[in-house]
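Dear colleague,

I am handing over the structure we spoke about, and I would be glad if you could look through it with the notes below at hand.

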Amino acid sequence: MDKIARIDMGAAGGPKVTVGDLGEYAGLGGRAMTSLVVAAEVHPLAHPLGAENKLVISPGMLSGTTGSMTGRLSVGCKSPLTGTIKESNAGGQAAQVLARLGYAAVILEGKPEGDDLYKIVINKDGIQVIVDNSLKLMDNYPLVAKLRQEYGDKAAYMSIGSAGERKLLAASIACTDPELRPTRHCGRGGVGAVMGAKRVKAIILDDAGMKMRPPKDPDAYRDANRKFVEGLRKHPVTGEGLPAYGTNVLTNVLNEAGGYPTNNFKSGQFADSAKLSGETQAALEISRGGSATHGCHRGCVIQCSGIYNDKDGNYVTKQPEYETVWSHGGHCGISNLDTVAKLDYIDDNIGVDTIEMGVTIGVAMDAGLAEFGDDAAAIRLMEEVAKGTPLGRVLGSGAAITGKVFGVERVPVVKDQALPAYDPRAIQGIGVTYATTTQGADHTAGYAIATNILKVGGDVDPLKTEGQIELSRNLQIATAAIDSTGMCLFIAFAIMDQPETFQALLDMLGSFHGITMTGDDVVALGKKVLSAERDFNARAGFTKHHDRLPRFFYNEPIAPHNQTFLMKDEELDEVFNW
Amino acid sequence: MIVTVKLFASFRTGRFDIETVDYPAGTTVADVADRLRLPHSELGIMMINSRHVKLDRELAEGDTLALFPLLGGG
């Protein structure tokens, strides 16, 4: 990872590739790379779909090594959904392959004139940008199948479906998993629309002839990785719960805690939640010849994903995540896992964020476009998005736009990005993160659920305000750092509880780069990333008044706790005061 | 004293999903775990009526107790 490729899609005479050294970005990866590049190089008032925006693609600092869990790929830009800076990361194979090809970042710049659609091929011989109009409006599954005929099964594929080409604000960028399914998505913030605006349909990454990235101290790196893996296997969350049930194990937990937003945030509990639970889902997957245990990239030891088949044993989609089962399930009053799986497939295929789309369908139901609990109507609405009808384009532009078009007051968004699967009235800590993160409502930015609900890494009362600001601050700093390493965020469950596993992570980072890493270094990295992101957002016009939840969270108590969001504005303004 | 006990994830294996039980007054969360042979070290999340509780909490008539192992996701 000693070079950066810049591809000017708008260059006179056709796209122009320039490969240069790292310069001021040396040592960065993942979110640190994407956010520092965007903050330094993108005009904060740029139109997100214009030539001034850049799409920065960066593997993590440890991606492409023999280190376990290092397969996260970050994509950054100015978000067309939120107008803020955006970093969206995904698993799949892309990060490992891009890192082994030696690129710390690939930056798509400019915007071509005309209607031509491009694919970008990156291999050991360099980078080619090729016009391929035969790919127009293809969705991700058939697109990858077609590209595999030309580029084979050893490559990794990044792509946008029809939603990205249509520049819908919920559009994602798909990354293929080890079996070449386009199931791992940089989902949030409309990054797929930015790729579509640059007329890039697919990026084919082939690392044939390349080697694993070598650590500066191979023995120490191997030893640290071994201790790290031991720690992940030993912790009940990463060693047992996630492999057996996947992320959807949370449905029962959140419903029991009264923090499961139901029927567009009208209740904190869903009567039919058991039908959607991770326990039910895992048993169903196994009984149908699928799997409840699957890794999204090679080198993953947690294996939180799975394979969801239909009743006849045919592949439908990868195991829908908790957030997806919630957004398309309980949020819409829907309790049929087969419906959720079908919607998850449509999302992956057309290339949209499952959280944004599910929340949008719930808002549309609140607007009266369909009844809550109407499975067929939910599928019909998603098919409008797939077809690109005027209604589909409204829905595909997310919950905030849909709420405005149909006059809905209860629209669960922050900075126009849909809230994930945890009600901030029942879980005050996650509300602090939703309100203040640089990304728009995002649970992963500072996952207070761990401490508020799961009692991992500490114990803070979810219904009280005490301790939540400091908790969210510390989690947001740590997350910004982890998102830069290429590590899957789920390692946090183990490193928060087990000091020796955190030390093993520090030793991996240190021995790889031939330095000594301390906890303070990690904190400094996280603060550096957040400061750059906050600075960009400020220059883009965001103030403390945008770091708030929608008013209904302050005005409408939610059952069963009959409580509102209680954090004071002045408290929220202290999150980044370090 | 009639209470409802709900078990989740791996705790269900060889036990049950949900059961209504008649316990003597003064029964604590720890007592219930012991009766179900759930090692205290494996208890992750304990809730009564949707609120987190500790092992020494006494149950009351009509309570719903939910017991989970340590879990995560997101």
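What follows is a short account of what was found, going from the domains to the core, a helix pair and the contact between chains.

Please keep in mind throughout that this is a predicted model.

To begin with the domains, the assignment divides chain A into domain 1 (3–205), domain 2 (217–245 + 427–578) and domain 3 (247–423), so written that domain 2 is given as two segments. The centres of domain 1 of chain A and domain 3 of chain A, taken over C-alpha atoms, are separated by 25 Å, and where these two domains meet, 37 residues of domain 1 are in contact with 28 residues of domain 3. On the domain 1 side, helix H3 (140–151), helix H4 (162–165) and strand E11 (184–186) of chain A are the elements that give two or more residues, with H4(A) giving the most, namely three residues. By class, that side of domain 1 has twelve nonpolar, 19 polar and six charged residues.

Turning to the interior, the largest nonpolar core has 195 residues, and those with the most contacts inside it are A:Val56, A:Ala105 and A:Leu205. Helix H19 (residues 468–485) of chain A provides the largest share of this core, eight residues. If residues up to four places away in sequence are left out, A:Val56 touches A:Ala105 as well as several others, among them A:Met33, A:Val37, A:Val38, A:Val75 and A:Ile107.

As for the helices, helix H1 (residues 30–41) of chain A packs with helix H22 (residues 519–539) of chain A at an angle of about 30°, their axes being 9 Å apart, and the crossing is left-handed. The residues that make this contact include A:Ser35, A:Leu36 and A:Val38 from H1(A), and A:Val529, A:Ala532 and A:Phe536 from H22(A); by class, the contact has eight nonpolar, one polar and three charged residues. A:Val38 thus appears in two places, since the residues touched by A:Val56 include A:Val38 and the contact of H1(A) with H22(A) includes A:Val38 too.

Finally, between the chains, 30 residues of chain A are in contact with 16 residues of chain B. Helix H7 (236–245), helix H8 (250–256) and helix H18 (449–454) of chain A each supply at least two residues of the side that touches chain B, and the largest share, seven residues, comes from H7(A). The residues on that side of chain A divide into 18 nonpolar, eight polar and four charged.

With best wishes

Methods
Residues are numbered from 1 along each chain as its sequence is written. Chains are lettered from A and ligands numbered from 1 in the order in which they are written. This is a predicted model: local features need pLDDT of at least 70, side-chain atom pairs count only at pLDDT 80 or more; totals for chains, interfaces and linings use all residues. Axes are lines fitted to C-alpha atoms, for helices over the stretch in contact, and angles run from 0 to 180 degrees between N-to-C directions. Helices (H or I, at least four residues) and strands (E, at least two) are DSSP runs, numbered from the N terminus. A crossing is left-handed if the near helix is turned anticlockwise from the far one by less than a right angle, and right-handed if clockwise. Two residues are in contact if their C-beta atoms, placed from the backbone, lie within 7 Å. Ala, Val, Leu, Ile, Met, Phe, Trp, Tyr, Cys and Pro count as nonpolar, Asp, Glu, Lys and Arg as charged, and the others, Gly among them, as polar. A nonpolar core is a set of buried Ala, Val, Leu, Ile, Met, Phe, Trp, Tyr and Cys residues joined through C-beta atoms within 7 Å. A residue is buried if 20 or more other C-beta atoms lie within 10 Å of its own, exposed if 12 or fewer, and partly exposed in between; C-beta atoms are placed from the backbone. Domain bounds come from an automatic or database domain assignment.
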